[in-house]
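Reader: I'd like a close look at a single part of this model, please. Could you walk me through how the pieces pack there?

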Amino acid sequence: MSFVLNGWYQAAWSDEVGRALLQRWICGQPVCLYRTRDGAPVALADRCPHRKYPLSLGRLDGDIIECNYHGYRIDAAGSCVGVAEQSEQPRAAVHRYPLVERDSVLWLWPGDPAQADPDLIPDLRWISDPDWTHVRGLVPLGARQELLVENLLDLSHETFLHPTTIGNAAVAGTPIEVSGEGTTVRFSRRMLGITPPPFYVKSMGLTAPADRWQDGEFYAPGVFLLHIRLAPAGTQEPEGYHMEVFHGMTPATQSECHDFWALGRDYLTGDAGLSRFQQEQQLAVMAEDVAALEVQEAMYATGGATMPESSIKGDVAALRSRRVMRRMLAAEQSAS
Amino acid sequence: MSFVLNGWYQAAWSDEVGRALLQRWICGQPVCLYRTRDGAPVALADRCPHRKYPLSLGRLDGDIIECNYHGYRIDAAGSCVGVAEQSEQPRAAVHRYPLVERDSVLWLWPGDPAQADPDLIPDLRWISDPDWTHVRGLVPLGARQELLVENLLDLSHETFLHPTTIGNAAVAGTPIEVSGEGTTVRFSRRMLGITPPPFYVKSMGLTAPADRWQDGEFYAPGVFLLHIRLAPAGTQEPEGYHMEVFHGMTPATQSECHDFWALGRDYLTGDAGLSRFQQEQQLAVMAEDVAALEVQEAMYATGGATMPESSIKGDVAALRSRRVMRRMLAAEQSAS
Amino acid sequence: MSFVLNGWYQAAWSDEVGRALLQRWICGQPVCLYRTRDGAPVALADRCPHRKYPLSLGRLDGDIIECNYHGYRIDAAGSCVGVAEQSEQPRAAVHRYPLVERDSVLWLWPGDPAQADPDLIPDLRWISDPDWTHVRGLVPLGARQELLVENLLDLSHETFLHPTTIGNAAVAGTPIEVSGEGTTVRFSRRMLGITPPPFYVKSMGLTAPADRWQDGEFYAPGVFLLHIRLAPAGTQEPEGYHMEVFHGMTPATQSECHDFWALGRDYLTGDAGLSRFQQEQQLAVMAEDVAALEVQEAMYATGGATMPESSIKGDVAALRSRRVMRRMLAAEQSAS
């Protein structure tokens with residue numbers, strides 16, 4: 001298995017993790033998530049150092065996990081601090097992953113802890129911004145993470161996969177500008193004087209002609225952000241409707257991925273009915289993506305992954321992400 | 001994966017393919033089948049040259065398939081003729097398979113198109129002959145194609161697997177004559193003065209003593225024909241009842257196979273009730289074969305395929321088919 | 001696949017095998033079990049020498065199995081004695097496994113028949129002893145056999161997995177003595193003056209303080225015996241309640257195992273209600289073990305099997321069993 005490990009991946013939404021032990025697979029390994037009594041989140045390798053039984057099936061005794069198979073006791077640092085009912089204290093430990101909680105996200109660093117710099121976490125402050133509201137969730141995807149990354153970096157697919165919600169001819173018909181630096185890839189699509197797709201008509205009451213912006217960012221290895229603006233054609237910034245789309249794309253296994261998502265807006269923030277509508281629409285859109293990506297995964301797994309492929313200008317951002325990921329992977333493999 | 005690719009395999013029955021896109025796996029690859037507006041059948045490799053999404057999930061615009069993921073447009077020759085909504089026309093193509101429609105069968109050649117000689121297609125003219133009638137269908141089989149070929153080339157199994165329909169002691173008890181040339185294997189079993197099995201008693205009103213002929217032909221790599229004659233013992237040809245059995249045996253994957261079948265007769269051709277009876281009986285027989293072959297596949301897959309085996313005279317046709325197939329496979333592999 | 005083959009494994013309970021053919025997978029191979037007309041049990045490799053179809057799907061003609069695919073006839077020695085309806089008698093045979101019936105157990109030797117010494121079969125005479133009674137069964141386990149062996153050789157897990165039945169703090173809290181010789185591993189845990197766990201309270205009406213003995217034996221490769229004694233604290237042998245626990249641990253495949261079990265007692269032997277209670281309790285305990293071991297199997301299969309592990313004094317018996325099994329395996333592999 002090969003994953004880019006030196007990077008922040010979303011492990012969970014903040015409110016998924018509490019005093020119950022939660023198992024989640026990340027980059028091919030089981031991780032046990034919980035909070036200590038003072039609320040601090042903890043992520044431990046989820047195999048008891050004794051006989052590999054999941055710690056997440058154990059019980060919390062204060063901040064210590066007691067393994068439910070033979071009683072190994074593991075503290076929040078991952079150290080074995082004894083074995084229940086026995087006098088021995090084996091020198092044993094499980095890996096404690098670097099974990100940072102910010103903007104309702106629990107960020108986990110699967111790789112070298114010495115490199116786990118919290119300053120590398122992408123900015124999601126709109127999730128916590130009182131002038132914004134958002135809906136969010138987690139969708140399981142039966143496809144390799146790469147396919148989700150490339151799906152989001154080529155939004156021309158909205159025209160074909162999502163014609164009843166967020167796509168229309170203007171998306172595929174408008175070229176993107178691509179840039180980036182380091183492990184970041186950026187694209188920008190400015191659709192000016194266009195007919196807005198159904199989602200925005202219903203969500204904002206917009207009519208044609210309108211301007212629609214899509215400014216996307218991939219922060220390798222696992223984060224996608226999309227800055228959206230919609231407004232009557234010609235409206236000057238900062239007027240208009242702004243939305244933010246977030247995807248925390250965390251590989252579970254080589255062919256499965258967690259798709260954490262959030263959709264924020266800066267308008268009608270108190271309108272619960274609109275939030276419900278946006279949640280429903282977003283889930284409908286993602287269901288279309290999941291269906292397509294799982295089919296694509298099957299096409300890749302049966303040989304397609306290594307076949308020659310054709311690319312066009314619209315693929316520049318996705319191809320750039322692929323080079324970035326391969327470079328990161330190669331660097332990690334040569335370092336180890 | 002290893003399949004004999006230079007040969008005609010049945011891809012579909014004619015009436016399965018129309019203006020809807022159909023995916024079918026053949027020799028380990030997905031194939032997209034459809035007809036152009038003028039009715040010509042087309043078989044294309046079913047992975048978009050862009051990102052391998054199945055073309056068969058796209059939509060037909062005239063005779064052009066538009067991929068439903070990013071809008072690549074592929075014509076009936078397999079060439080990319082543009083990308084929807086975009087100004088680019090990438091130089092890209094998918095393989096168009098040689099495909100011939102004859103006698104209600106769509107014949108596909110998975111291998112080298114230069115060798116795809118329609119004269120090699122076995123003669124099934126009885127399917128189109130107005131003096132004949134037939135029933136037909138497609139049965140999915142969860143076993144490697146080789147097991148189906150050898151099942152049909154050793155019909156002594158009718159005695160044991162199909163005792164309530166087409167088998168009785170006379171089948172296993174009567175030796176076969178085997179011959180052949182090139183990639184064809186032939187066998188002949190002449191059961192004379194025997195008690196006919198239940199299917200023929202009910203189907204023809206035959207009583208003992210009767211003559212039953214089984215003249216089988218395997219046209220490697222994927223076609224089996226059986227010429228059947230039943231008549232009161234001693235009746236001279238061409239008097240008596242004649243039936244034709246066809247199996248188009250098309251590998252889907254290494255362990256799955258399409259079993260296209262047809263059963264024709266030259267008597268009581270207008271009797272719809274008899275046709276229904278024969279269809280039901282044939283499906284019952286094939287269900288017994290499917291159950292047996294899927295068990296056999298499991299026995300092979302768990303080591304049995306490479307164990308020493310015992311053979312008897314009744315296996316001569318099947319063993320000959322195996323040699324033919326291995327020779328064809330070796331020739332293809334040395335050529336590539 | 002690698003299994004220790006030179007050893008007696010339980011193939012079935014005596015009453016599972018009769019005049020119906022039974023397929024059971026043992027050490028990665030299908031075995032066909034039945035009894036001849038005189039009641040003698042037979043175990044044959046369950047692939048017809050002809051085309052590997054399971055003999056167990058055939059029919060018994062006297063003591064001869066007739067294969068239901070093409071009529072090969074195999075006698076109780078495994079020899080082909082003809083082919084139904086045909087004049088040929090091919091020289092073919094299947095392996096007949098050494099098989100011994102004793103104490104309601106059918107013992108099978110998967111390895112070299114020359115080494116199959118019945119004197120190596122562990123003593124289970126309490127199963128046949130009229131002064132004892134027992135309950136028994138077979139539980140399928142989706143985990144490698146090694147995990148079951150080690151589960152039983154470290155009963156400290158009763159404290160954590162089985163707290164409502166047979167476990168309490170005294171089990172994990174009491175050290176074991178370990179010994180052994182050859183391919184036998186023994187451990188002894190003497191819990192003196194303890195509170196008995198719920199199962200024994202209900203089963204025997206015991207109250208604290210009580211003495212509880214656990215004297216376990218692993219007869220590699222596939223048998224575990226536990227000699228249990230419970231009595232009011234300080235009671236001298238042979239007074240008190242005695243129980244025997246047996247597990248016939250027979251690998252089916254690399255990741256599946258048959259867990260034949262029996263639970264005997266020398267008290268209230270005529271109490272059918274107590275037998276029912278003990279059967280229910282034992283099945284409840286085993287369901288907890290199955291759930292845990294199948295999770296552990298998943299943890300092993302996803303990389304855990306080769307990770308470093310921590311061990312404590314309580315693992316000495318299990319670690320010893322592991323060394324014994326590896327030594328046996330190495331000896332078999334160097335001999336072949």
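Author: Sure, one definition to start: a crossing is left-handed if the near helix is turned anticlockwise from the far one by less than a right angle, and right-handed if clockwise. This is a predicted model, where local features need pLDDT of at least 70, side-chain atom pairs count only at pLDDT 80 or more, and totals for chains, interfaces and linings use all residues. Residues are numbered from 1 along each chain as its sequence is written, while chains are lettered from A and ligands numbered from 1 in the order in which they are written.

Now, helix 1 of chain A passes helix 6 of chain A in a right-handed crossing. (Helices here are DSSP runs of H or I with at least four residues, numbered from the N terminus.) Helix 1 of chain A covers residues 145-153 and helix 6 of chain A covers residues 316-335; they pack at an angle of about 145°, their axes 8 Å apart. Those axes are lines fitted to C-alpha atoms over the stretch in contact, and angles run from 0 to 180 degrees between N-to-C directions.

Who's touching whom? On helix 1 of chain A, A:V149, A:E150 and A:L153 make the contact, meeting A:A317, A:A318 and A:S321 of helix 6 of chain A. Contact means that C-beta atoms, placed from the backbone, lie within 7 Å. Sorted by class, that contact of helix 1 with helix 6 in chain A has 4 nonpolar, 1 polar and 1 charged residues. For these classes, Ala, Val, Leu, Ile, Met, Phe, Trp, Tyr, Cys and Pro count as nonpolar, Asp, Glu, Lys and Arg as charged, and the others, Gly among them, as polar.

Methods
Helix = DSSP H or I, 4+ residues; strand = E, 2+ residues; numbered from the N terminus. Contact = placed C-beta atoms within 7 Å.
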